[in-house]
Amino acid sequence: MTGVQTCALPILSYGKTAIALNPKVKGVVLPDYLMEKMPVKLNLSYKFDLNVFELTENELKVDLSFNNEKFLCTIPLDSIFLLAVYDTEINYFFGESFPKELDYLIEEFIIQEAEKKSNEIDFSEYLNKKD
């Protein structure tokens, strides 16, 4: 069992959760325009008006709205490399799922966090960067 499999259900049950995933992992099904992005960031919550929200041992199936249209997304758990619960300090990073294409972000992150000289780390700002 991977770290994502262990953490996904408890994390998603907290409330609004952000996930970052690699759309190039086999089995990912998202709207076409998202399949070209790296990384893909999605917000999930049991409280959203969802007809489908199924979490199995290997994947998450959820119907999300994109541009006011529902789309059934399939997200293999091994494509997820970040789970973060909004308004909490709960976040998990899964290095084994981190896309190689984003390795440069890790270097930037380490350098900038060392310069902060702080114990507080916020990885989300690096996910919002555009190439």
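The accessible surface of this chain comes to about 8200 Å², of which 50% belongs to carbon and sulfur atoms, the areas being Shrake-Rupley values with a 1.4 Å probe, where for residues only the protein chains shown count as cover. Before I go on, please keep in mind that this is a predicted model, in which local features need pLDDT of at least 70 and side-chain atom pairs count only at pLDDT 80 or more, whereas totals for chains, interfaces and linings use all residues. Residues are numbered from 1 along each chain as its sequence is written, and side-chain values use heavy atoms, with hydrogens and water left out.

Buried residues, meaning those under 20% relative accessible area (exposed is over 50%, partly exposed in between, with a 1.4 Å probe and protein chains only), make up 40% of the 131 residues. The chain has four helices and seven strands, taken as DSSP runs numbered from the N terminus, with H or I over at least four residues for helices and E over at least two for strands.

Let me turn to the sheet. Four strands form an open sheet in the order S2-S1-S6-S7, with antiparallel pairing, where two strands pair if DSSP finds at least two bridges between them. Strand S2 (40-44) and strand S7 (91-93) each have a single partner strand, so one side of each is left without a neighbour in the sheet. Strand S1 (residues 17-21) is joined to S2 by five bridges, and one of the residues involved, Thr 17, has Leu 44 as its bridge partner in S2.

Just before S1, in the loop that follows helix H1 (3-14), we find Lys 16, which is partly exposed at a relative accessible area of 39%. Leaving aside neighbours within four places in sequence, Lys 16 is in contact (heavy atoms within 4.5 Å) with residues including Asn 43, Leu 44, Phe 48 and Val 85. Lys 16 and Val 85 are 69 residues apart in sequence, yet their C-alpha atoms are 6.1 Å apart in space.

What, then, is in the largest nonpolar core? A nonpolar core is a set of buried Ala, Val, Leu, Ile, Met, Phe, Trp, Tyr and Cys residues joined through side-chain atoms within 4.5 Å, and the largest has 21 residues, with Ile 19, Leu 42 and Val 62 among those with the most contacts inside it. Strand S4 (59-66) is one of the elements that give two or more residues to this core, and S4 gives the most, with four residues. Apart from this core lies another, of six residues, among them Ala 20, Phe 81, Phe 98 and Leu 102.
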